[in-house]
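Me: I have a structure open and want the reasoning behind its labels. Can you take me through some of them?

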Amino acid sequence: QRKFKGRTLRIIVLADTTTIETRQDIFNRINTGGTNAIPSEIRRGSYAGAFMKFVEKCAKDEQFNKLCPISDTMKNRYEDSELIVRFFAYLNNYQNFHHAVDDFLNDFVQGKEKEFDEGAYEKEFRNMLNFVEKYFSYGFAKTKNAKSTPRVRFEAISVGVALALRENPDLVPDSMEWLDSEEFKKHTTTHASNSPKRVSGRIEYVRDILLKGDCNENDA
């Protein structure tokens, strides 16, 4: 208590009339001025609105959490929300990814602050999860007992599946053996991460291999 009472505390007091835009800007400036917050935490605090509330709802989804293991440490830093933001951003705009990932995600979230079709987004999210649960033995994880999910693997599978379902909602894969292929491993290792070519490469690899080997369920 003595140490605490002897400290100088820097406090910013905002008037009731301070706009939400100003509050977000101050939060962003404070948490990017040092080493306190990581991008997913800053994004959560900087952007308000229906879209981020929807992302938080998706992060609590039971099916998502079953298919996508995340350590408690990373959950405390909102890794689950980060993955969901990446899913929607790449699904709807990966062709226009030309710069840093954080800037790309921030631009996408900011563009959805005022308006987005929650029903359509939720439907695609659910259809993607149902497909992954049905055809991917370990969900988004590498192994049955995995405690975490690599971002690049999640992006490749989730976005690739959703894009394939856009082209064929009745998609039934002929084989899932490609999950153990060297080609898929090359696309989803950490060193193959975030250049535009690599992002589109891993997403389109999953999309194309699912569509190439698909058959209609009614014909199976």
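Reply: What follows is a set of short questions and answers on a predicted model.

Me: Why is Arg207 called buried?

Reply: The relative accessible area of Arg207 is 17%. Buried means under 20%. Arg207 falls below that cut-off, so the label is buried.

Me: Where is Arg207, and what does Arg207 touch?

Reply: Arg207 sits in helix H12, residues 196-212. Leaving aside residues up to four places away in sequence, Arg207 touches Tyr94, Gly160, Leu163, Ala164 and Glu167.

Me: What makes the pairing of Arg207 with Asp208 a polar contact?

Reply: The two side chains make the contact at 2.8 Å. The limit for such a pair of N or O atoms is 3.5 Å. Adjacent residues count only if both atoms are side-chain atoms, and here the contact is side chain to side chain.

Me: Why are H7 and H8 called roughly perpendicular?

Reply: The axes of H7 (residues 79-93) and H8 (residues 101-111) cross at roughly 80°. Angles of 65 to 115 degrees count as roughly perpendicular. The crossing angle is in that range, so the label follows. The axes also come within 10 Å.

Me: Which residues make that contact, and how do they divide by type?

Reply: H7 brings Glu82, Val85, Arg86, Phe88, Ala89, Tyr90, Asn92 and Asn93. H8 brings Val101, Phe104, Leu105, Phe108 and Val109. They divide into 9 nonpolar, 2 polar and 2 charged. Glu and Arg count as charged, so Glu82 and Arg86 of H7 go in that group.

Me: What makes the pair of Phe88 and Phe125 tilted?

Reply: The structure holds 23 aromatic pairs. In this one, the ring centres are 6.0 Å apart, and pairing needs centres within 6.5 Å. The planes are at 40°. Under 30 degrees would be stacked and over 60 edge-to-face. The angle fits neither, so the pair is tilted.

Me: Which parts of the chain does the pair link?

Reply: Phe88 is in helix H7 and Phe125 in helix H9 (residues 118-135), 37 residues apart. Both are buried. Both also belong to a cluster linked by ring pairs, whose members include Phe108, Tyr121 and Phe154.

Me: Why is Tyr78 called partly exposed?

Reply: Tyr78 has a relative accessible area of 27%. Buried is under 20% and exposed over 50%. Tyr78 lies in between, so the label is partly exposed.

Me: What is the phi of Tyr78, and where does Tyr78 lie?

Reply: Phi is near 65°, a positive value in a residue other than glycine. Most residues other than glycine have a negative phi. Tyr78 lies in the loop between helix H6 (72-75) and H7.

Key
Residues are numbered from 1 along each chain as its sequence is written. This is a predicted model: local features need pLDDT of at least 70, side-chain atom pairs count only at pLDDT 80 or more; totals for chains, interfaces and linings use all residues. Side-chain values use heavy atoms; hydrogens and water are left out. Helices (H or I, at least four residues) and strands (E, at least two) are DSSP runs, numbered from the N terminus. Buried means under 20% relative accessible area, exposed over 50%, partly exposed in between (1.4 Å probe, protein chains only). A polar contact is a pair of N or O atoms within 3.5 Å; within protein, one must be able to donate a hydrogen and the other to accept it, and residues adjacent in sequence count only if both atoms are side-chain atoms. Contact means heavy atoms within 4.5 Å. Axes are lines fitted to C-alpha atoms, for helices over the stretch in contact, and angles run from 0 to 180 degrees between N-to-C directions. Angles under 35 degrees count as roughly parallel, over 145 as roughly antiparallel, 65 to 115 as roughly perpendicular and the rest as oblique.
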